[in-house]
Amino acid sequence: MGTVYDGIDDRLGHFIHDQPIFFVATAPLDRDGHINLSPKGNNRVEVLDGHTVAYLDLTGSGIETIAHLRENRRIVLMFCAFNGPPRIVRLHGRGEVIERGSDGFAEISARFPDQPGAR
């Protein structure tokens, strides 16, 4: 059985921030719909506070994650240690899409390196 944390402390935040690849999973409410699981690389997750993280989505695939978040907000981010001792961290929560041009996008996107295809 894994450990359940009340929030993201500094140790956990460093682990999350340092992972070069993470995975994002969402699902629609329709039981006949399919679960979407996407690897994310070349971008990182920023810990905004003990209960909030952000990542910059990039073009290159469909936008099922965004569609699912707009429908029900459910999301899971998973981080795996590819070096050192084995470790898996999953963040279960509610997501919000902050689009380019909307309130908050400039502030949050400034925390990330400038990348073509950022959305």
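In the predicted model, Ile 16 makes contacts with Ile 8, Val 45, Val 47, Phe 79 and Leu 91, when residues up to four places away in sequence are not counted. Ile 16 is also one of the residues that touch the most other members of the largest nonpolar core, a set of 15 residues; Phe 22, Val 45, Leu 77, Phe 79 and Leu 91 are named alongside it in this respect. Two or more residues of this core are contributed by each of H1, S1, S5 and S6. A second core, separate from this one, holds 6 residues, among them Ala 54, Leu 58, Phe 112 and Ala 118.

The elements around these cores number 3 helices and 6 strands. Read from the N terminus, their order is α-β-β-β-β-α-β-β-α. The radius of gyration is 14 Å, close to the 14 Å given by the globule rule for 119 residues, so the protein is as compact as a globular protein of that length. The C-alpha trace extends over about 35 × 35 × 25 Å along the principal axes. Buried residues make up 34% of the 119 residues, and the protein exposes about 8,000 Å², of which carbon and sulfur atoms supply 53%. Among contacts with a separation of 6 or more, 58% join residues 24 or more positions apart.

Helix H1 comprises residues 10-18, and its buried residues are Leu 12, Gly 13, Phe 15 and Ile 16. Viewed down the axis of H1, these buried residues fall within an arc of 160 degrees, so they line one face of the helix. Asp 10, Arg 11, His 14 and Asp 18 are exposed on the other side of H1. The cover over the buried residues of H1 includes strand S3 (45-49), strand S5 (74-80) and strand S6 (88-94). At the start of the helix, a side-chain oxygen of Asp 9 comes to within 3.3 Å of the backbone nitrogen of Arg 11.

Helix H2, residues 64-72, has Thr 65, Ile 66, His 68, Leu 69 and Asn 72 as its buried residues. The arc that they cover around the axis is only 165 degrees, which puts them on the same side of H2. Packing against these buried residues are strand S1 (21-26), strand S2 (36-41), strand S4 (52-55), S5 and S6. S5 and S6 thus recur in the surroundings of both helices, as they are also listed in the cover of the buried residues of H1.

Within H2, His 68 has a relative accessible area of 7% and is therefore buried, the limit for that class being under 20%. Apart from neighbours within four places in sequence, the contacts of His 68 are Thr 26, Ala 27, Pro 28, His 34, Asn 36 and Arg 73. The last of these, Arg 73, follows H2 and lies in the loop between H2 and S5. Although Arg 73 is not a glycine, its phi is positive, at about 70 degrees. With a relative accessibility of 43%, Arg 73 counts as partly exposed.

Arg 73 is also among the contacts of Arg 94, which, with neighbours within four places in sequence left aside, are Asn 72, Arg 73, Arg 74 and Ile 75. Arg 94 belongs to strand S6 and has a relative accessible area of 56%; this residue is exposed because the value is over 50%. The side chain of Arg 94 reaches the backbone oxygen of Asn 72 at 3.1 Å, and Asn 72 is itself one of the buried residues of H2. Between the C-alpha atoms of Arg 94 and Val 76 the distance in space is 8.3 Å, with 18 residues separating the pair in sequence.

Beyond S6, the loop leading to helix H3 (105-109) contains Ser 102. The relative accessible area of Ser 102 is 31%, and this residue is partly exposed. From Ser 102 to Asp 30 the C-alpha to C-alpha distance is 29 Å, at a sequence separation of 72 residues.

Notes: Residues are numbered from 1 along each chain as its sequence is written. This is a predicted model: local features need pLDDT of at least 70, side-chain atom pairs count only at pLDDT 80 or more; totals for chains, interfaces and linings use all residues. Side-chain values use heavy atoms; hydrogens and water are left out. Buried means under 20% relative accessible area, exposed over 50%, partly exposed in between (1.4 Å probe, protein chains only). Helices (H or I, at least four residues) and strands (E, at least two) are DSSP runs, numbered from the N terminus. The arc is that of the directions from the helix axis to the C-beta atoms. Contact means heavy atoms within 4.5 Å. A polar contact is a pair of N or O atoms within 3.5 Å; within protein, one must be able to donate a hydrogen and the other to accept it, and residues adjacent in sequence count only if both atoms are side-chain atoms. A nonpolar core is a set of buried Ala, Val, Leu, Ile, Met, Phe, Trp, Tyr and Cys residues joined through side-chain atoms within 4.5 Å. The radius of gyration is taken over C-alpha atoms; the globule rule is 2.2 Å times the number of residues to the power 0.38. Accessible areas come from the Shrake-Rupley method with a 1.4 Å probe; for residues, only the protein chains shown count as cover.
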